[in-house]
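Okay, thanks for squeezing me in. I'd like to walk you through one helix and its surroundings, then finish on a single loop residue.

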Amino acid sequence: MSLISRAIDTGRLANAYLLTGSNHEDKVELALEIACVLNCLNTESDTKSQNGTFCLISHGPDTVSYCQNCRLISQERHPQAYLQLLSLDPTKPNSKIPVEKARELAFELSKTSPFFRVIWIANAAQDIFHRPAANSLLKTIEEPKNRCIFLLAARSKELVLPTITSRSQEIPLVQKQASMVLSNQGNLPYQSESYQKWSKMPFFQWAKKRHPHSFETARQEALEVSNLLYNAMTKPDDDQDEDIDPLNQLITLELSIIGSSAVGDPYLSQYLSDLLKLSQSLRTRLQRHVSQKASLDNFFIEWLNLRTQVSGILA
Ligand SMILES: [Zn+2]
């Protein structure tokens, strides 16, 4: 299968992300959301919906109707899908992560599991690690035996051991950028009108298409989204909530589609990682005021390219 050979050609799969930024809550939300998306059991039950659904989209912050996995994860009480590596006393700034805990984690991850395990390390600053604990963690990140994603958090990349940053991909969260789900403060991206609008576009119907259509058609669909995003960015609606970043909505949407279609796919982390990286480089380009339209078009074409590498598995 060409997909597999391509994945081998491209080298190791990314499996660790470093969430940086000053707002701790944003990072926790994002981590919980990723864990929910990867483990949601409600993927097929809602036939009324146009998109593959999952609890975060179907029920918003109303956790009562969540599937068991999402409910437990959102309460941070799902130790099999949402594993935490914490220091002995997380309330104390100098409290270290004991090496025993890092080794226990490595042992736990060596066992097979029906869950896509998300390992959350709320503080990955270097002073929180004794060297043996850091070494054990590094080994686990480098050689994951089963499906898992490491999410490490720190205020900035500079605070983290270089051996860890070199093995993870940074996701810088500027304030409000992770205005993701699980927050009950209204204006959630998946409830907004624009989110609903995005989700109905042909570009986001890809996981349901049984027969792949021509690349040219797919390209047109991608450029259609690019135009809409360009309009959203340059001519913001008066009604639109400025806190909701349209690019973020698109990524969240894609995350929801992947989560409901390909739980357990080892190439998922590669795709997810590449897409996040791509969106970060788009942000950088946009900040540099390079031609916005061209940058957006390029971004969507590259996104499409990434997707064609996983869509064989998702179909
Ligand atoms: Zn669920």
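So, to start: which residues in H5 are buried? Before I answer, some ground rules. This is a predicted model, where local features need pLDDT of at least 70, side-chain atom pairs count only at pLDDT 80 or more, and totals for chains, interfaces and linings use all residues. Residues are numbered from 1 along each chain as its sequence is written.

Right, the answer: Ala102, Leu105 and Leu109 are the buried ones in H5. Buried here is 20 or more other C-beta atoms within 10 Å of the residue's own, exposed is 12 or fewer, and partly exposed is in between, with C-beta atoms placed from the backbone. Looking down the axis of H5, those buried residues fall within an arc of 55°, so they line one face of the helix. The arc is taken over the directions from the helix axis to the C-beta atoms. That fits the textbook picture: an α-helix has 3.6 residues a turn, so residues three or four places apart point the same way. Flip to the other side of H5 and you find Glu100, Phe107 and Ser110, which are exposed.

What do the buried residues of H5 pack against? Strand S2 (82-84), strand S3 (117-121), helix H6 (131-142) and strand S4 (148-154). Contact, by the way, is two C-beta atoms, placed from the backbone, within 7 Å. Helices (H or I, at least four residues) and strands (E, at least two) are DSSP runs, numbered from the N terminus.

Now H5 against H6. Their axes come within 8 Å and cross at roughly 15°. The axes are lines fitted to C-alpha atoms, over the stretch in contact for helices, with angles from 0 to 180 degrees between N-to-C directions. That makes H5 roughly parallel to H6, a label used for angles under 35 degrees. On the H5 side, the contact includes Val99, Arg103 and Ala106; on the H6 side, Pro132, Ser136 and Thr140 are among the residues involved.

Zooming out for a second: the protein has twelve helices and five strands, and buried residues make up 39% of its 315 residues.

Last stop, His78. You'll find His78 in the loop between helix H4 (68-74) and S2. His78 is buried, because 22 other C-beta atoms lie within 10 Å. Leaving out residues up to four places away in sequence, His78 touches Asn69, Leu72 and Ile73. And the C-alpha atoms of His78 and Ala35, 43 residues apart along the chain, are separated by 9.7 Å.

Note on methods
Angles under 35 degrees count as roughly parallel, over 145 as roughly antiparallel, 65 to 115 as roughly perpendicular and the rest as oblique.
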